[in-house]
Structure formats: structure tokens, C-alpha cells
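Please examine the surroundings of the ligand in the structure shown here.

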Amino acid sequence: MNPLFRNLCLLGALGASLLAPVAHASKANPVIGLSLDTLKEERWQSDRDTFVAAAEKLGAKVIVQSANSDDTRQVRDVESLITRGVDVLVIVPHNGAAMSRAVKSANQAKIPVIAYDRLILNSKIDLYLTFDNVSVGEAQANWALAHLPKDRPLRIVRIYGAPTDNNAKLFKQGQDNVLDPLIKAGKVQVLFEDWALDWKPENAKKIMNAAITKSGREIDAVLAANDGTAGGAIQTLLEEGLAGKVLVTGQDADLAACQRILRGTQAMTVYKPVKKLAELGAATAVNMARGEFPKPVATLDNGSMQVPSIFEKVISVDKTNIMETVVADGFHPAERVK
Ligand code: BGC
């Protein structure tokens, strides 16, 4: 056979198999669609790996899609999972508002939807499974205040997450809960604040540059919303000879962040036991496919309904407890953190 023709046939077969509807999934072997915003950040790779392994152990198959921070692509991903006839959808939305369109299609197809880690707004979803996101922001602000001088006003920079991610607002809300009274009392001065589009480290780096250009080098702390943005800010601090002199917060216990904590360029991170969330997500999705829905005690308003929700706890991590938290939990091996 002509090799070009053969390759075209192979490509055609591959394309057809990628798009083909899944064979009718029995309840013993349901099919779960997992739609992720991105796999660029380390944590989402952990979420995916644990989720897929846990679901497969329970007899399910998982189809994973990742949208590379693109709303149109993610809505299309979800719609293609619906067309393929998945039993349950588990979605980490890039944009909690934009995703409501695809959820409407899922509702029409009677496919249960779990919003995983990030809330989907203005739509009918069956469960929101996440961490206590407000407490992440509180942990960052509380840790910073406990480790900064108390005898003079503090000068801080605030780098928030992606404005399209509802979690970014909750992290800020948690920080506000702690900081607002101190800001009002003149004990904390916010020199500069901005949102890092798509959570990109390079955007956080730009914000840090702008903060120094505007307000100078006398900065006590940078409240970075996660480890990716912390890494971007620390890059600027390194270039300015300020790394290790300015306290920087984070979130996710990414390997690079844990290493920075031990080297002293990042002060803390907030560890979210992703393995626990992903295992719970997988078990809940499989149960839903089998017709069993959990009865969570909490709810959260998403603009159209009180969404049944489960909030897992988070842990502040610094160099004093990194071994007994992140490492002891098996999140990173000790030899890689050091
Ligand atoms: C997650 C964080 C993550 C961030 C960027 C948030 O929604 O809760 O853990 O660092 O997205 O991906």
C-alpha cells in the first residue's frame, strides 16, 4: 500500500476512535469524563494521576481532556464528552461563568456534574468538591503577620490569581478577612495589588516588577496566591537582590516551592492534600454513575442554586513542618525536597 495512503488511513482510524461514542457503559464499568483547565501546573498532574488510578481501581474508565486555559476549547471538550455518552462529568473550569453553557447540555443529557476544586457558576451542578478556599487566604495572611515585625506598619504587595477563577476571589476574601481590620487601622499598607491572568508566573513577575517600580524596594511581604505566582514574583526578587529578604507566601506545595522554602527564598505554602480530594472525587463520580449521590452537609451559592459541597482542610507549611506534612504524606519524596 502507498505509505502516504496508509498513514492517512491510520490517522483516520485514530481520529474516529478518539471521537467515537464510548460503548454503553455498564454500571459496573462506568465511564467518567474529566475535563481540566490545564495540566501545566504540577498540582493538576497529581489530581489527574490520582483520580484516574482511583477510578480505574473501582472499575471505571476515565477520559481526560485538558483545555490549555482556553474557554472555547474547554466547552468543546465537555460537549464532546457528553456526545460520547460519559456517565458522569468531573470539571475543573478555567472560567466558572463560561462553563455554565456546557453544563446546561449535560443537564439536558441527564449526566451528573461534579465541579472539582473550582466552582461552576450560574448552573445546576450535583456537587462541588473542593478545599476550604477561604481558609487558604486566611492561612497565607495569618502566617505572614505572625512572622513580620509588630512594632511598625507593614508594607505588602498582593498578587491575586486568575480573575476568571472563582477560587482566586475566595483566596482574596480569606486574606481580606485577616487584613482589612489592620489596613483600616493603618497597621498594614498595601503598596500594590493586581490579578495574575491565567495564574501565569510570568504575569506575576510583571506585577512584582510594577510594584517595585511604583513603590520601591522597601517591601515586607508579597502575598502571592499560589506557588506558580510566588515563583514569578521570586524571580523578580532574585534579579533585584531581594530574594530571602521579602517574605513570600504560596499555595499547593509544588516541588519547586518546597525547595525554595528550604533554601529560604519562599517563606510558606499552603498544602492541600490533593490525593485525598482526587480519591474522593473518583469514588464519588463512580458512585454517582451507579446512582448513589452523597449527602454533603455544606452548601455554597453559585448564583443559581445552593450547591451541595464538600470542603477539605488545608495546612500551612514552612521549613519547620515540611517533613511531617508534605513529605510524611508521600506528596514529595524527602530526597527531592532537600
Ligand atoms: C487552585 C489552586 C491552583 C490555581 C492555579 C486554583 O483554582 O485551587 O490550587 O494553584 O487554581 O491552577
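The report below describes where the ligand sits and what surrounds it.

This is a predicted model, in which local features need pLDDT of at least 70, side-chain atom pairs count only at pLDDT 80 or more, and totals for chains, interfaces and linings use all residues. Residues are numbered from 1 along each chain as its sequence is written, and side-chain values use heavy atoms, with hydrogens and water left out.

Of the 13 residues around the ligand (a heavy atom within 4 Å), those that come nearest are Glu41, Asp117, Arg118, Asp165 and Asp252. By class, this shell comprises seven charged residues, three polar and three nonpolar, where Asp, Glu, Lys and Arg count as charged, Ala, Val, Leu, Ile, Met, Phe, Trp, Tyr, Cys and Pro as nonpolar, and the others, Gly among them, as polar.

Polar contacts (pairs of N or O atoms within 3.5 Å) to ligand oxygen atoms are listed here.

| Residue (side chain) | Distance to a ligand oxygen atom |
|---|---|
| Asp117 | 2.7 Å |
| Trp44 | 2.9 Å |
| Asn226 | 2.9 Å |

Taken alone, the ligand exposes 310 Å², of which the protein buries 100% (Shrake-Rupley method, 1.4 Å probe).

Definitions and conventions
Polar contact = N/O pair within 3.5 Å; in protein donor to acceptor, adjacent residues only side chain to side chain.
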